[in-house]
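Trainee: Could you take me slowly through one part of this model, the metal site and the helix that carries it, and then show me how the surrounding pieces fit together? I am new to reading structures, so please explain each step as you go.

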Amino acid sequence: MKYQSSLPEHNDNVSHQHPVREFALLMLGVIGFILLSFWILGFFVDLAVDSISPKDEAELFAEIDIDWDFGEKSSIQKQTRVQQILDALRLCHDIPFATPVTVVESKDINAMALPGGRIVVFSGLLDSIKSSNGLAFVLAHELGHFKNRDHLRSIGRGIVLAALSTLLTGANSSISQMLTSTMTLGQAKYSQSRESKADETALQILNCHYGHVGGATELFEALQEQEGAWNFGMLHYFDTHPELQNRINAIYHLSKERDYQVGKTQSLDNSVSF
Amino acid sequence: MENLAIVAVFIALGYFFGRMAESRHYQSIHEREQAFLHLPTTSSKKPLGHIGPITQARLVQGNVVISVDYFKRFLATLRNIFGGTIQAYETLLDRARREAVLRLKESCPDADQIINLRLETSSISKGDTERIGSVEVLAYGTAIYSQQNTSQAAPQ
Ligand SMILES: [Zn+2]
């Protein structure tokens, strides 16, 4: 037997597929899997939400006394005034539980609907709205969230998101980070669609109560002005709420479609001084 | 969102620098393998062919540590989810093995043969998933020298 010194012609120990190809395929697989499972689990959340009646919901949350700490509460006058405007809308919606309002002293221009029926309004919002119609729209928007059960949906999806993230933290941290970002994007997209739906409900309530939809876009326009001035800010209203102009446009289109009139708005300052 | 951007930048950097380093390394490996073709290296326990009286036999070794780049590591972690061959690490280990053998050969350019070649692989930062891993390959064998000069010693 002779020893022949030579080099192999091919390197059989390595694959010759391009790594970018492999990378793209695997990424597509992972992201597809995540979005699909998020979508499917979200579907089940919606199913569960639809099966809980508003009555059950009210009972469920009545027993849970969560101490929401958003900051210092505003004066009684402010609370009562906002509550009055909210209660006046009661004839125009069919939410079967009480919706108490808490006004919190804060520069934030925001309002939110909490599970159990509580609506939190940040006083910054009251400062940037001039008419009671404008405030009524914002409150009606939160009522819209209750009507569409968005608070339950968002809790359910939050749990799904947390569960999926936890599942993935077992994997490499950079990958789970990436996947969590992907899911958060999906979540934001979903939230936007819920916001549009709440706007739609709010417009309906506003038209029912005042007979016209004047003032519906007041907050968004005020925010737009401020956005121009501040550019960035702690307005976390923007995070999940679709871009302001889009929302204004959607409201215009809907008003036209449903033949809602735009009437004169009532000044908020006339009725009570904050 | 920022996380996503940071990861993307690291992956891109890892890809470009990793590719560059790898292709340079392969080029060097090819050249040096060609240059050391005259030095037979086998895993056999006995010298190959007819070789004169052996004057000297000594342990020789070549050692190399190569780091994984971010791109390769990311790709390998993705592979972990689906299973299958981790192609990203194949070239890494291939380079490490060949470099180790080349260093071993370079440590004894006047030997007639290297026999009993063994390769050992170990991963540095074993189990520490947070750090960039690297791989060590150690090649060791016995270099034998005979009375005949090198040109004749090559077993033909
Ligand atoms: Zn909303």
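Mentor: What follows starts at the metal site and works outward to the helix contacts, the second chain and two backbone details.

Please keep in mind throughout that this is a predicted model. The zinc ion has three protein donors listed for it, namely A:His141 through NE2, A:His145 through NE2 and A:Glu195 through OE, and these lie 2.0 to 2.1 Å from the ion. If you read along the sequence, the donor residues follow the spacing H-x3-H-x49-E, and the first part of that pattern is easy to find in the fold, since A:His141 and A:His145 both sit in helix α5 of chain A, four residues apart, which is about one turn of the helix. Both histidines are buried: A:His141 has a relative accessible area of 1%, and A:His145 has a relative accessible area of 8%, and each counts as buried because the cut-off for that word is under 20%.

Another histidine belongs in this picture, because A:His145 is among the residues that it touches. This is A:His151, which is found in helix α6, residues 150–169 of chain A, and which is buried as well, with a relative accessible area of 4%. Leaving aside residues up to four places away in sequence, A:His151 touches A:Glu57, A:Ala113, A:Pro115 and A:Phe146 in addition to A:His145.

Now look at the helix that carries the two histidine donors, and at a partner that packs against it. Helix α3 of chain A, residues 76–88, and helix α5 of chain A, residues 132–147, have axes that come within 9 Å and cross at roughly 70°, and the two helices are therefore roughly perpendicular to each other. The crossing of α3(A) past α5(A) is right-handed. On the α3(A) side the contact is made by A:Arg81, A:Val82, A:Ile85 and A:Leu86, while α5(A) contributes A:Ser132, A:Leu135, A:Ala136, A:Leu139 and A:Leu143. Sorted by class, this contact has seven nonpolar residues, one polar residue and one charged residue.

Elsewhere in chain A, you can place A:Thr217 in the loop between α7 (173–210) and α8 (218–230). With 11% relative accessibility, A:Thr217 counts as buried, and, again not counting residues up to four places away in sequence, A:Thr217 touches A:Ile248, A:Ile251 and A:Tyr252.

We can next follow chain A to a place where it meets chain B. Helix α1 of chain A, residues 19–51, packs with α2(B) at an angle of about 45°, with their axes 10 Å apart, and that makes α1(A) oblique to α2(B). Here the crossing is left-handed. From α1(A), the residues A:Pro19, A:Glu22, A:Phe23, A:Leu26, A:Met27, A:Gly29 and A:Val30 meet B:Phe71, B:Phe74, B:Leu75, B:Leu78, B:Arg79, B:Ile81 and B:Phe82 of α2(B). The residues of this contact divide into 11 nonpolar, one polar and two charged.

Chain B itself has four helices and three strands, which run α-β-α-α-β-β-α from the N terminus on. Of its 156 residues, 46% are buried. Among contacts in chain B between residues at least 6 apart in sequence, 80% join residues at least 24 apart. Within this chain, helix α2 (residues 70–82) packs with helix α3 (residues 87–106) at an angle of about 130°, with their axes 8 Å apart, and that makes α2(B) oblique to α3(B). The contact joins B:Lys72, B:Arg73, B:Leu75 and B:Ala76 of α2(B) to B:Ala88, B:Tyr89, B:Thr91 and B:Leu92 of α3(B), and by class it has five nonpolar, one polar and two charged residues.

Finally, two backbone details deserve a careful look. Most residues other than glycine have a negative phi. A:Asp259, however, has a positive phi near 65° without being a glycine, and it lies in the loop between α10 (244–257) and α11 (268–271) of chain A, where A:Asp259 counts as exposed at 59% relative accessibility. B:Asn116 likewise has a positive phi, of about 60°, although it is not a glycine, but its place is in strand β2, residues 113–124 of chain B, and at 26% relative accessibility B:Asn116 counts as partly exposed.

Methods
Residues are numbered from 1 along each chain as its sequence is written. Chains are lettered from A and ligands numbered from 1 in the order in which they are written. This is a predicted model: local features need pLDDT of at least 70, side-chain atom pairs count only at pLDDT 80 or more; totals for chains, interfaces and linings use all residues. Side-chain values use heavy atoms; hydrogens and water are left out. Buried means under 20% relative accessible area, exposed over 50%, partly exposed in between (1.4 Å probe, protein chains only). Axes are lines fitted to C-alpha atoms, for helices over the stretch in contact, and angles run from 0 to 180 degrees between N-to-C directions. Angles under 35 degrees count as roughly parallel, over 145 as roughly antiparallel, 65 to 115 as roughly perpendicular and the rest as oblique. A crossing is left-handed if the near helix is turned anticlockwise from the far one by less than a right angle, and right-handed if clockwise. Contact means heavy atoms within 4.5 Å. Ala, Val, Leu, Ile, Met, Phe, Trp, Tyr, Cys and Pro count as nonpolar, Asp, Glu, Lys and Arg as charged, and the others, Gly among them, as polar. Donors are N, O and S atoms within 2.8 Å of the metal (3.2 Å for Na, K and Ca); water is not among the atoms, so sites may look incomplete.
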